[in-house]
Amino acid sequence: MMLFFVLKRVAWAILTLLIASWIAFVLVHLSGSTPGGVALGQSATPEQVIAYNESVGWYNPWIQQYFAWVWQVLQGNLGVSLIDGRPIGPDIAKRLPVTAALALGGTILSAVIGITLGVIAAVRGGAVDRFITILTGIMLSLPAFWVGILLVYVFAVQMRLLPATGFVPFEVSPDKWFKSLVLPVLTIALTSAGFIARQTRASMAEALAQEHIRTLRAVGTPTWRVVYVHALRGASLPILATVAIQFIVLFGGSVMIELLFALPGIGQAMQSAVGSADLPFVQALVLVATLVVVVVNVLLETLNRTLDPKLRTS
């Protein structure tokens with residue numbers, strides 16, 4: 001049963017990849033730019049542009065171009081950049097760990113902060129609950145760009161503890177790699193934890209109101225065990241879904257953070273590729289981002305089905 005479920009989700013994931021890549025392919029062809037116009041620049045004559053486009057098959061039927069591109073991708077070739085002629089695959093491979101570390105670090109830290117605040121709000125209630133609700137509202141309303149600038153001013157300019165911008169690969173220096181990610185990750189966590197905190201608070205409040213929780217309290221089960229074992233376990237599925245969504249949003253929407261802190265990640269590459277109309281690069285980046293999203297979704301659904309007895313038996 002579980003194997004069938006996983007195979008079905010993988011099939012849907014492949015279909016999603018095909019649909020997303022086809023949409024990106026169509027939008028690229030409707031953008032008004034052509035490979036020849038981008039690669040040769042404004043100094044090229046119309047005849048030169050047409051000749052270049054013909055050489056890369058730009059005038060072939062769209063469906064033929066699309067499946068030729070898919071076959072190329074299946075062979076591990078994402079094409080070459082129209083701007084500098086470099087292979088796209090190795091460039092994305094270098095950028096992917098930057099965005100992955102940023103999204104994963106931001107998700108983990110925001111989850112720690114958000115779950116802690118949400119549990120405290122649900123358990124304590126009263127004035128503490130109201131204070132945390134106001135606090136999370138402020139966190140949700142803070143612009144990430146403004147928070148990032150403020151953190152740079154405090155920790156990089158005034159205290160000189162952390163670098164303001166730039167990225168150092170882990171293999172070059174683990175210590176400098178960690179320091180280069182502290183401020184971006186902290187920026188993400190401070191502006192994202194409120195969402196997780198509110199979901200945690202709602203899920204925990206619902207879990208604490210369950211009949212079996214009241215029974216556990218009535219028979220003298222220690223409060224910490226009731227809260228952190230039974231109630232939190234019961235509330236874990238919606239919290240886990242929220243954290244997974246947070247990772248997806250951060251992975252695909254970290255452009256502003258990467259630009260602010262000069263991180264050479266996927267978001268920065270997408271901004272540059274779109275701005276320069278580097279059509280093959282845009283297609284490749286959309287494919288990679290979609291792949292990450294569908295993989296996370298498949299893992300989340302599989303984990304939910306594993307943890308929830310109702311879903312396992314359905």
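Start with the whole chain in view, which has 15 helices and 0 strands, where helices (H or I, at least four residues) and strands (E, at least two) are DSSP runs numbered from the N terminus. This is a predicted model, in which local features need pLDDT of at least 70 and side-chain atom pairs count only at pLDDT 80 or more, while totals for chains, interfaces and linings use all residues. Residues are numbered from 1 along each chain as its sequence is written, and side-chain values use heavy atoms, with hydrogens and water left out.

Still with everything selected, note that the C-alpha atoms fill a box of roughly 85 × 60 × 35 Å along the principal axes, and that buried residues (under 20% relative accessible area, with a 1.4 Å probe and protein chains only) make up 40% of the 314 residues.

Next, select residues 144-158, helix 7, together with residues 174-208, helix 8, which pack at an angle of about 135° with their axes 9 Å apart; the axes are lines fitted to C-alpha atoms over the stretch in contact, and angles run from 0 to 180 degrees between N-to-C directions. The two helices are therefore oblique to each other, a word for angles that are not under 35 degrees, over 145 or from 65 to 115. To see the contact (heavy atoms within 4.5 Å), show Ala144, Val147, Gly148, Leu151, Val152, Phe155 and Ala156 of helix 7 with Leu183, Leu186, Thr187, Leu190 and Thr191 of helix 8.

Finally, move to helix 11, residues 236-252, whose buried residues include Leu237, Ile239, Phe247 and Phe251.

Key
Buried < 20%, exposed > 50% of the residue type's maximum accessible area, 1.4 Å probe, protein only.
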